[in-house]
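I am opening a fresh page for a structure that is new to me. I want to go from single residues to the whole chain, writing down what I look up as I go.

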Amino acid sequence: MTKLRFLFLIPIGLSVSVQAQKTDSLVGKWKYYDVYNKQRYDTNTLKIAKEYFGAMTLYFKPNNHYKAFVMNNIDEGIWSTSDSCRKVRMTSYKGHSNESKIFGLQGDQLILGMGEGAFILTRTVINDSDNIEQPLPNIKTVRVSKSQITKKWYLTRREVPGRTEAQLKMASKLIKGAYAHFKQNGEYEAQSLKVTESGKWVFGPDNKSIIVTIENQQRIWNIKAISPTNLVLISGYTEEEWKFSTKLL
């Protein structure tokens, strides 16, 4: 599947009215129809793509809330457009944000890029359940200063709701040595499972969250607690906690 790597993962237009019309035309529920430019891929790749994405739906609501069903995963969050509606960014309540290129949008057909591939989607029926929005938890956050956060933090534990203590301990062994380094100049470096990535970081509103940008993808953490040696981050608007220490345990 190397030829078709799909990762599920706004600005100055001809006029404000034209951009508004394009944004309005994106509103609605879309379902998978086919792979765009399918002649570029072999039969086996197309078969795998349909198996993974054949049930995909995206629902862009007028209030900028979205719902997505991709690879058997349900996701919700906020959507926005940029570059005169040539791109759409989906910021998940789970704490990740991805920007996808709009190759085509006309009538009942949407051509949307995802990673190195693109899909053709068509409009579909909106059900009553589609309009039920996920209630967000009441997350308590703290405000931090740049000097407090600009350190190399080692990940000690990732607590995911629904997992047993045995599973969490096993995961902790796997992530040993993983770190997130928020540098004074706004650069970001992280390593996990011996894979290093780099990007930029900034504070969110009121210095109570951190937004990390790597290429066109973003990660959003809310700051739950901090001390000179410990840091607790919450992934988006979830109950998933990431615990860090300045010491490698």
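Before the first entry I note the cut-offs that I need: a residue counts as buried when its relative accessible area is under 20%, as exposed when it is over 50%, and as partly exposed in between. I also note that I am working with a predicted model.

**Entry on Lys-29**

I looked up Lys-29 and found its place in strand β1, which covers residues 28-35. Is Lys-29 buried or exposed? Its relative accessible area is 11%, and because the cut-off for buried is under 20%, Lys-29 counts as buried. I then followed its side chain, which makes a polar contact with the side chain of Asp-130 at 3.0 Å. Asp-130 also appears when I list what Lys-29 touches beyond its neighbours within four places in sequence. That list includes Thr-57, Leu-58 and Tyr-59, and also the residues Thr-122, Arg-123, Thr-124, Val-125, Ile-126 and Asn-127.

**Entry on Ser-82**

I turned next to Ser-82, which is found in strand β4, a strand made of residues 73-82. With a relative accessible area of 2%, Ser-82 is buried. Which side chain does the side chain of Ser-82 meet in a polar contact? I found that the partner is the side chain of Glu-99, at 3.4 Å.

**Entry on Pro-205**

For Pro-205 I had to look outside the strands, since this residue lies in the loop that runs between β12 (195-203) and β13 (209-214). Its relative accessibility is 64%, so Pro-205 counts as exposed. I also checked its position against Arg-143: the two residues are 62 residues apart in sequence, while their C-alpha atoms are 9.4 Å apart in space.

**Entry on the whole chain**

Stepping back, I counted four helices and 16 strands in the protein chain. The radius of gyration is 20 Å, close to the 18 Å that the globule rule gives for 249 residues, so the chain is as compact as a globular protein of that length. Along its principal axes, the C-alpha trace spans about 55 × 45 × 35 Å.

How many of the 249 residues count as buried, as a percentage? I wrote down 41%. The chain exposes about 14100 Å², and carbon and sulfur atoms supply 52% of that area. Last, I looked at the charges, of which 36 are positive and 23 negative, and found that the mean positions of the two groups are 6 Å apart.

Technical notes
Residues are numbered from 1 along each chain as its sequence is written. This is a predicted model: local features need pLDDT of at least 70, side-chain atom pairs count only at pLDDT 80 or more; totals for chains, interfaces and linings use all residues. Side-chain values use heavy atoms; hydrogens and water are left out. Helices (H or I, at least four residues) and strands (E, at least two) are DSSP runs, numbered from the N terminus. The radius of gyration is taken over C-alpha atoms; the globule rule is 2.2 Å times the number of residues to the power 0.38. Buried means under 20% relative accessible area, exposed over 50%, partly exposed in between (1.4 Å probe, protein chains only). Accessible areas come from the Shrake-Rupley method with a 1.4 Å probe; for residues, only the protein chains shown count as cover. Lys and Arg count as positive and Asp and Glu as negative; His and the chain ends are not counted. The place of a charge is taken as NZ of Lys, CZ of Arg, CG of Asp or CD of Glu. A polar contact is a pair of N or O atoms within 3.5 Å; within protein, one must be able to donate a hydrogen and the other to accept it, and residues adjacent in sequence count only if both atoms are side-chain atoms. Contact means heavy atoms within 4.5 Å.
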